Structure formats: C-alpha cells, structure tokens
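Subject: the structure I promised you

Hi,

Here is the structure I said I would pass on. Have a look at it first, and my notes on what turned up are below.

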Amino acid sequence: MARTQGHGNPNWTRDETILALDLYLQFDGIVPSTKSESISELSKLLRSLPYHAEAAKQPTFRNPDGVGFKLMNIRQVATGKGLGNVSNMDRQIWAEFGQRPEEVRLIADAIKSGIIINGSEQLPEIEQELPEGRLLTALHIRRERNPKIRKMLLEDRRRSGLRCEICDLARPDLDEPLQESIFEAHHLIPLSEVGERKTKLSDLALLCACCHRLIHRAMASKTRWIGLVEARAIIVPG
Ligand SMILES: [Zn+2]
Ligand SMILES: [Zn+2]
C-alpha cells in the first residue's frame with residue numbers, strides 16, 4: 001500500500017473528516033481509486049483549507065493517497081472490519097453522521113462555500129468548535145457579530161425591554177448604551193440549514209455575554225446543537 005500518513009502530517013480535523021465522509025457516502029461505501037477525479041478534487045480542497053499552514057506545503061499533505069487512505073478508514077469504521085488505523089475522530093464522525101447522508105451533504109456544501117467567504121480569517125479555538133467544524137464556526141461567529149444583525153435584534157427587543165433569553169438578566173436601571181453592552185446576538189440555526197438566505201429575527205436570540213459563552217461551550221463540548229430551553233436547564237440553577 002502507498003505511504004500516505006507521511007512524516008508529521010497533522011491529524012484530520014472535524015470538518016476535514018466530514019468532507020471525507022461526504023465523499024464516502026456519495027459512493028455508497030465503495031472507495032474510489034486514488035487516481036479518480038473525485039479523490040483528487042477533495043485532495044486539492046483539503047490542501048487549500050486555512051488549517052495546517054506549514055504542513056500543507058508538504059507534497060504528502062492530504063495527497064490523493066492520503067485521502068484514499070482516510071476513506072478506507074471510514075469504511076473500516078462503517079463495516080467494523082480491520083480497525084487498525086482508525087482514529088477517534090473517524091469513529092466519532094461516523095457515530096454522529098454515518099446514518100445521516102443528507103445532513104452530511106448540507107454541511108459539506110456549507111463548508112465548501114464557507115471556505116470562499118472565510119478566506120484567511122483566523123479560525124476560532126478548537127474549544128469553541130461547533131458540530132459543523134471550525135470553518136463554519138468561524139462563519140457562525142462572524143454572522144452573530146455582524147453589526148447590522150445586532151442592531152436589528154436590539155431594536156426589536158428594545159420594545160419589551162432588553163433581557164437575556166436564557167437567564168432573564170435585565171438592567172433597566174442602566175442607561176441604554178450600558179444596557180446594550182451586556183447583550184449579544186446568538187444565532188439559533190446551524191449554518192448548513194440556513195444556507196445563503198438572509199438572517200431573520202426568528203433565527204436569533206438575545207443573550208447576555210455570559211450565557212452566550214456558556215451555550216457555545218456547551219454545544220462544543222456535547223458536539224450537538226442546544227436550544228434555549230435546554231440551555232436554560234443547563235445554565236439556570238434549578
Ligand atoms: Zn444570561
Ligand atoms: Zn451564538
């Protein structure tokens with residue numbers, strides 16, 4: 001078998017593994033040849049991601065042999081045969097997404113279009129990674145911080161008084177700019193679901209900075225989306 005892992009090629013990230021799984025599922029469990037167009041396309045894409053800047057300069061980094069090898073690993077997890085080289089990430093991604101090909105498709109497409117938008121923007125810390133991977137997490141955070149979106153949300157909520165939608169924190173005693181400084185916009189829908197459409201008020205929740213940090217960390221550590229009701233149960237003491 002061809003040498004693929006090379007020396008010091010970094011571990012596959014969550015979003016890289018999702019992209020590989022997407023290809024695996026498209027071929028219905030048959031691993032295409034490393035000479036095929038689809039493997040070579042995925043190899044090119046992975047080599048262009050804003051990860052592993054130094055490693056990506058190595059010709060062995062995510063080369064077609066490496067991508068083919070990863071697809072074989074995924075097949076090993078999927079079939080339970082020959083698990084010698086399978087990583088924890090392979091197992092985890094298969095457990096989460098192996099039976100959900102349509103969702104994998106949507107996330108993979110969103111990652112691919114996200115790459116173009118993200119450019120060289122810095123990626124969030126690994127501890128902040130949402131279930132869709134770090135590239136889409138970067139886009140998610142950017143969307144939430146968009147001043148227009150924040151303004152739209154604050155204007156809407158001002159009518160009933162600014163209040164955290166998880167812990168109910170409100171400080172009507174403070175003047176407006178100070179009150180506003182407590183709150184952040186939180187996007188409730190995964191990017192792979194909203195696609196390219198404009199953000200609507202119903203996609204958003206107004207959260208205090210503390211609850212916002214907590215709900216993101218809880219989603220990252222549980223590797224799944226958490227809604228406001230569940231977040232309230234986690235965050236607000238019973
Ligand atoms: Zn709060
Ligand atoms: Zn958020």
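A word on terms before the metal sites: a donor here is an N, O or S atom within 2.8 Å of the metal. Please also keep in mind that this is a predicted model.

Let me start with zinc ion (ligand 1). Its donors follow the spacing C-x2-C-x40-C-x2-C along the chain. Put names to that pattern and you get Cys-164, Cys-167, Cys-208 and Cys-211, each giving its SG, at 2.3 Å from the metal. The angles among the four donor atoms run from 103 to 116°, and the site is tetrahedral. Since four donors count as tetrahedral if all angles lie between 85 and 135 degrees, the site passes because its angles of 103 to 116° sit inside those limits.

Are the first two cysteines of that site buried or exposed? Cys-164 is buried, at 0% relative accessible area. Cys-167, on the other hand, is partly exposed, at 32%. The cut-off for buried is under 20%, so Cys-164 makes it with its 0% and Cys-167 does not with its 32%.

Right after Cys-167 in the numbering you will come to Asp-168, which sits in the loop between helix 7 (147-158) and helix 8 (176-182). Asp-168 has a phi near 70°, positive although the residue is not a glycine. Its relative accessible area is 37%, which makes it partly exposed. Most residues other than glycine have a negative phi, so a positive one is worth a glance on the screen.

Asp-28 is another case: phi is near 60° there, again positive in a residue other than glycine. You will find Asp-28 in the loop between helix 1 and helix 2, and with 69% relative accessibility it counts as exposed.

Now for the other metal. Which residues hold zinc ion (ligand 2)? The donors are Glu-144, listed with two OE entries, His-186 through ND1, and His-212 and His-216 through NE2, at 2.0 to 2.5 Å from the ion. Along the sequence these residues are spaced E-x41-H-x25-H-x3-H. The last two histidines, His-212 and His-216, share helix 10 (residues 209-222), where they are four residues apart, about one turn of the helix. Both of them are buried.

Ala-185 ties in with this second site. It belongs to strand 1 (residues 183-187) and is buried, at 4% relative accessibility. Apart from its neighbours within four places in sequence, Ala-185 touches Glu-144, Ile-149, Leu-153, Ala-205 and His-212. Among those contacts, Glu-144 and His-212 are also donors of zinc ion (ligand 2). Ala-185 is also 9.2 Å from Lys-151, C-alpha to C-alpha, with their positions 34 residues apart in sequence.

Over to the helices at the other end of the numbering. Helix 2 (residues 37-48) and helix 3 (residues 64-79) have axes that come within 9 Å and cross at roughly 105°. The two are therefore roughly perpendicular. Helix 2 brings Ile-39, Leu-42, Ser-43 and Leu-46 to the contact, and helix 3 brings Pro-64, Val-67, Gly-68 and Leu-71. Sorted by type, that contact has six nonpolar residues, two polar and no charged.

Helix 3 also packs against helix 1 (residues 14-26), at an angle of about 75° and with the axes 10 Å apart. That makes this pair roughly perpendicular too. From helix 1 come Thr-17, Ala-20, Leu-21, Leu-23 and Tyr-24, and from helix 3 Lys-70, Leu-71, Ile-74, Arg-75 and Ala-78. Here the split is seven nonpolar, one polar and two charged. Leu-71 appears in both contacts.

Finally, the overall picture. The protein chain has eleven helices and two strands, in the order α-α-α-α-α-α-α-α-β-α-β-α-α. Its C-alpha atoms fill a box of roughly 70 × 35 × 30 Å along the principal axes. Of the 238 residues, 45% are buried. Among contacts between residues at least 6 apart in sequence, 64% join residues at least 24 apart.

Cheers

Conventions: Residues are numbered from 1 along each chain as its sequence is written. Chains are lettered from A and ligands numbered from 1 in the order in which they are written. This is a predicted model: local features need pLDDT of at least 70, side-chain atom pairs count only at pLDDT 80 or more; totals for chains, interfaces and linings use all residues. Side-chain values use heavy atoms; hydrogens and water are left out. Axes are lines fitted to C-alpha atoms, for helices over the stretch in contact, and angles run from 0 to 180 degrees between N-to-C directions. Angles under 35 degrees count as roughly parallel, over 145 as roughly antiparallel, 65 to 115 as roughly perpendicular and the rest as oblique. Contact means heavy atoms within 4.5 Å. Ala, Val, Leu, Ile, Met, Phe, Trp, Tyr, Cys and Pro count as nonpolar, Asp, Glu, Lys and Arg as charged, and the others, Gly among them, as polar. Donors are N, O and S atoms within 2.8 Å of the metal (3.2 Å for Na, K and Ca); water is not among the atoms, so sites may look incomplete. Four donors count as tetrahedral if all angles lie between 85 and 135 degrees; four count as square planar and six as octahedral if opposite donors are over 155 degrees apart and all others between 65 and 115; anything else is irregular. Buried means under 20% relative accessible area, exposed over 50%, partly exposed in between (1.4 Å probe, protein chains only).
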